[in-house]
Amino acid sequence: MSSIIEDLIARRIFNNRGEETIEVDVITAGGFGRAGAPAGKSRGKAEVVYYPTGGVDAAIKKVDELIAPELAGLNADFQEEIDSTLHEIDGTEDFKNIGGNTAFAISLANAEAAANSHGLLLFQFLGGNVANTLPYPLGNCISGGQHARGKAPSIQEYLALPYGAESFLEAQTANAQIHKRIGDVLKKKSTTFNGGKSDEGAWIANITTDDAFEVIARVCEEVGNELDFECRFGIDMAASSFWKPKEEKYIYENEDIKRDTAEQLEYLLSLIEKYHLAYVEDPFNEDDFDSFAELTNKAKNCMVCGDDLFTTNTERLNNGIKINAGNAIIIKVNQIGTLTDAAETIQTAQNNGYDAVMSHRSGDTCDWHIAHLAVAYKCPVIKTGTVEGTRIAKLNELIRIEHFLGSRARMADLNIH
């Protein structure tokens, strides 16, 4: 059969931060797949372990000596069997023996090899003929928090969401224009602004958190008016990164402000109302399910999304579902290790009314698979920057998918009116 695995080849490559990472080729009798692993800057504590002791070199050795012999002869079409075998080889809950990034690269490369063996694109192979909806691009335009250097807003990301667009190409056009115009505004607003960008290609400027809100709100409105569809925006607060457990407060260092949990909730509700926010990610620390639930209950027409809260983990998601903590979940396959694990989480989310947001990592490669995963699994939003090279790889791939689908292509349903 054309999809029988013949070999696995692992190598060391680099991500956009210049950090070493693993890339894996899966070779079948009639096809080929390749995937490289990304890395996050702010990571949830429940994420799998990226690499075994010894790092990328140790991971490559495990692929050559341990994993390749086990997978050779299996059928790449049976993704669940491949991913189950990876779990069995590893033998731990968090992939500490072979590494979550090792599992990720093999799992994604296997899916691509299976699709390639049948002459199909990845989204077709995974999603079938019904996979024809494109996600809205959620694009990071201003960086702060752990994604910035020096003085910058405390909130980690300010994200454009052109959800009124009728095509993916229109939506990405809007995001690119919003990003460029924000850069022009920052040049006038900050005398120290020198065009600096974060790993994700978002602008870094010595402005306050409030200034960042005003800038992106104004630009989204202007671009939306010019293109004649609604461009809203949202934030990734990454609140775990500035939550201080001893003080039980969120410390906004650059603003010299401290907020307890109740004050954080009121602050968020005021931001959602004032700026008509479409999206709020990780507004509280990663174990505060109750505050997520309270915000979700009180915030109207806004996606309240868990990343560190859920870490693409079905068990953690189920904990949130019980109390309606959030209404959306970030999907980062390398947080959980394999495509099968991530697909289970997506299914659980969708069955319970949660929107799945397919996402890159801040340290990424030019790997484009998440573009196909977003379409295959009917994710209404993809979070993958606006302009930086590793982000453009995903965004341009979605433009290609839309072009390939032609008149069948549709934009996803996103209920945030």
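In this predicted model, the crossing of helices H5 and H6 turns out to be right-handed. H5 covers residues 168-189 and H6 covers residues 209-227, and the two pack with their axes 9 Å apart at an angle of about 135 degrees. Angles over 145 degrees would count as roughly antiparallel and those from 65 to 115 as roughly perpendicular, so H5 and H6 end up oblique to each other.

On the H5 side, the contact is made by Ala174, Gln177, Ile178, Arg181, Ile182, Val185 and Lys189. H6 brings in Asp211, Val215, Ile216, Arg218, Val219, Cys220, Glu222, Val223, Glu226 and Leu227. Sorted by class, the contact of H5 with H6 comes to 10 nonpolar residues, six charged ones and one polar one. Gln177 of H5 is that polar residue. Among the charged residues are Arg181 and Lys189 from H5, along with Asp211, Arg218, Glu222 and Glu226 from H6.

Then there is the sheet. Three strands make it up, lined up in the order S1-S2-S3; the sheet is open and its pairing antiparallel. S1 (5-14) and S3 (32-36) sit at the edges with a single partner strand each, so each has one side left without a neighbour in the sheet. From one strand to the next, the twist averages 15 degrees.

As for the pairing of S1 with S2, the latter spans residues 20-28, and nine bridges join the two strands, which run antiparallel. Within the sheet, Arg12 stands opposite Ile22 in S2.

Terms used: Residues are numbered from 1 along each chain as its sequence is written. This is a predicted model: local features need pLDDT of at least 70, side-chain atom pairs count only at pLDDT 80 or more; totals for chains, interfaces and linings use all residues. Side-chain values use heavy atoms; hydrogens and water are left out. Axes are lines fitted to C-alpha atoms, for helices over the stretch in contact, and angles run from 0 to 180 degrees between N-to-C directions. Helices (H or I, at least four residues) and strands (E, at least two) are DSSP runs, numbered from the N terminus. Angles under 35 degrees count as roughly parallel, over 145 as roughly antiparallel, 65 to 115 as roughly perpendicular and the rest as oblique. A crossing is left-handed if the near helix is turned anticlockwise from the far one by less than a right angle, and right-handed if clockwise. Contact means heavy atoms within 4.5 Å. Two strands pair if DSSP finds at least two bridges between them.
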